[in-house]
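Please walk through this model with me. I will ask about burial, contacts and charge pairs.

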Amino acid sequence: MTKKLFIKTWGCQMNVYDSARMADVLAPLGYRPVEEPDGADMVILNTCHIREKAAEKVFSELGRLRQMKDRKAEAEDGRMILAVAGCVAQAEGEEIVARAPFVDMVFGPQTYHTLPEMVAKASRAAGSVLNTDFPAESKFDFLPEEADGQGVSAFLAVQEGCDKFCTFCVVPYTRGAEFSRPAAQIIAEARRMVAAGTREINLLGQNVNAWHGEGPAGGTWGLGRLVRALAEIDGLERIRYTTSHPRDMDDELIRAHAEVPQLMPYLHLPVQSGSDRILAAMNRKHSADDYRRLVDRLRAAKPDLALSGDFIVGFPGETDADFAATLKLVSDVGYAQAYSFKYSPRPGTPAAVDGAQLSEEVKEDRLSALQQLLNAQQVAFNHGFIGRSVPVLFDRAGRRDGQLLGRSPWMQSVHAEANPRLLGRIVEVRVDAALANSLAGTVATVDGAVTAGGHAPSPSFQLAQTLEASA
Ligand code: SAH
Ligand code: SF4
Ligand code: F3S
């Protein structure tokens, strides 16, 4: 009998990847994903602990789910197994069990391969199963192969955990020590994904560029080498990786940006602050000028590289001058897109007990000033594409009928009227308009009406033209 599985995911892309892997582990037990929690046989909340609000949402969600669980029991429709996974489970497992005893399973990110045992235990006994171990074995050696059809653009975890201990961050505690999967395992997974239709792979890791995996013939590889090996897979058209730490950006990886055409010209390279004093207090172990020089080297290797970043405003002790240095760095670097956050004190992290916490008001003001600057940069970046032709990998249906949505090499979302058969293909699209967070365009047509931007048509472009013409 098939059972209904609902997974709700918060947090980073690693959590999105993990949710897909949990579904893979549960598939042999008869669980099939559904879109709604109501009536489901299992509900998993895959949680994030990175900022305060993220954790609070879990408890409010649990209240709602408890009612659904009770309704299902009253209707004698079987039992809803309710589970909390992810980083809140890891950090606050015992508190969840105490505060929400109706939760059946609470387990951390390194235990997903043991889900069948946990489910068996939870089905047998009353009370919550709690598992927040960091097992000696790697879950990657035990997780089943991913289900076919991960999508045109898909994630592949290559590295997990973090040894850097930035003073604001919970990740080293919730994900554990840094771990790199062996190259052969990653390449095999990538081949299977491509055979099942994936065209773009986004390599994931909390510190993805710190990846140093065992090479297929022994020795240790760095990420640049892995990217080159993946680029040899026939049919894999695009490679990306995220998230990188400035200190781990080595020459080999920078060279890969210059030399591997499948490696997309977009890099998420968080700097957090532009003030050396704050960077030191954050334990980032580099200066603002180190970051500027790194960006210069990257742009020398790949002149059209689009940069993205993360910023924290209102870190304890941050002065107006420190914040001005952040604005200055943003102006100097120029971002295509970026994320910015108010500092949120996290239990167990050193910065949380720093006496110099700032008021919510100061954080709010600084965040809005920073976001204004970043938004202006994003708008300018996107406007620069109007009238140009860009190769878009269509990876999903658009919001409106007859539209497809995809990404440019520079990670912009692009939507256009397009035949559904163009899904999964790279198509030249002329950009007509730049909206705040996306581009709107027109698919190039056979009559040659669209050539602005002057890219030489690639084979997939010609194929796309043929498909459009026959549509
Ligand atoms: N490994 C990545 C970041 C992972 S967390 C790196 O080192 O860059 C994602 C982002 O969340 C961080 O880059 C940071 O900007 C933000 N963040 C992490 N902890 C935070 C906190 N306590 N308060 C506010 N933002 C935080
Ligand atoms: Fe967190 Fe720093 Fe590790 Fe990134 S590098 S995950 S911010 S501790
Ligand atoms: Fe959140 Fe854990 Fe990712 S805290 S950002 S889900 S590593």
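Q: Is Arg240 buried, partly exposed or exposed?
A: The model is predicted, and its burial values are computed from the atoms. Buried means under 20% relative accessible area. Arg240 has a relative accessible area of 3%, so the class for Arg240 is buried.

Q: Which residue meets Arg240 in a salt bridge?
A: Side chains of opposite charge can pair when their charged atoms come close. For the side chain of Arg240, the N to O distance in the salt bridge is 3.1 Å. The partner counts as buried, at 4% relative accessibility. That partner is Glu200.

Q: How many residues apart are Glu200 and Arg240?
A: Glu200 sits in strand β10 (residues 200-204). Arg240 sits in strand β11 (residues 238-242). The pair links distant parts of the chain, and the separation is 40 residues.

Q: Why are Arg21 and Asp24 separated by about one helical turn?
A: Their side chains meet in a salt bridge at 2.7 Å, N to O. Arg21 counts as buried at 5% relative accessibility, and Asp24 counts as buried at 10%. The separation is about one helical turn because Arg21 and Asp24 are 3 residues apart in helix α1.

Q: Are Asp290 and Arg293 buried, partly exposed or exposed?
A: These two side chains also form a salt bridge, at 2.9 Å, N to O. Both residues lie in helix α10 (residues 288-301), about one turn of the helix apart. The partly exposed class lies between 20% and 50%. Asp290 has a relative accessible area of 34% and Arg293 has 49%, so each is partly exposed.

Q: How many salt bridges does a search of the whole structure find?
A: Some of the charged residues join in a network: Asp18, Lys139, Glu160 and Arg175 are linked by salt bridges. The pair Glu200 and Arg240 also meets in a salt bridge. For the whole structure, the search finds 31.

Q: What is the largest C-alpha distance among the residues that UniProt lists for "binding site"?
A: The unreviewed UniProt entry lists Cys12, Cys48 and Cys87 under that name. They are spread over 76 residues of sequence, yet they cluster in space. The largest C-alpha distance is 10.5 Å.

Q: Which of Cys12 and Cys87 is buried?
A: Cys12 lies in the loop between β1 (3-9) and α1 (13-26). Cys12 has a relative accessible area of 39%, so it is partly exposed. The other cysteine is in helix α3 (residues 86-99). At 9% relative accessibility, the buried one is Cys87.

Q: With which residues is Cys87 in contact, leaving aside its neighbours within four places in sequence?
A: One contact is Cys48, which UniProt lists with Cys87 for "binding site". Arg175, of the salt-bridge network, is another contact. The full set is Thr47, Cys48, His49, Pro109, Thr174 and Arg175.

Q: Within what arc do the buried residues of α4 fall?
A: In helix α4 (residues 115-124), the buried residues are Leu115, Met118, Val119 and Ala122. Seen down the axis, they line one face of the helix because they fall within an arc of 100°.

Q: Which residues are exposed on the other side of α4?
A: The buried residues of α4 pack against α1, β2, β3, β4, β5 and β6. On the other side, the exposed residues are Glu117 and Arg124.

Q: How many nonpolar residues are in the shell around ligand 2?
A: The surrounding residues include Cys162, Phe165, Val171 and Pro172. Lys164 and Arg284 are also among them. By class, the shell has 2 polar and 2 charged residues, and the nonpolar count is 7.

Note on methods: Residues are numbered from 1 along each chain as its sequence is written. Chains are lettered from A and ligands numbered from 1 in the order in which they are written. This is a predicted model: local features need pLDDT of at least 70, side-chain atom pairs count only at pLDDT 80 or more; totals for chains, interfaces and linings use all residues. Side-chain values use heavy atoms; hydrogens and water are left out. UniProt positions are given in the numbering used here, feature names are shortened, and annotations may be inferred rather than shown by experiment. Helices (H or I, at least four residues) and strands (E, at least two) are DSSP runs, numbered from the N terminus. Buried means under 20% relative accessible area, exposed over 50%, partly exposed in between (1.4 Å probe, protein chains only). Contact means heavy atoms within 4.5 Å. The arc is that of the directions from the helix axis to the C-beta atoms. A residue is near a molecule or strand if one of its heavy atoms lies within 4 Å of it. Ala, Val, Leu, Ile, Met, Phe, Trp, Tyr, Cys and Pro count as nonpolar, Asp, Glu, Lys and Arg as charged, and the others, Gly among them, as polar. A salt bridge is a side-chain nitrogen of Lys or Arg within 4 Å of a carboxyl oxygen of Asp or Glu.
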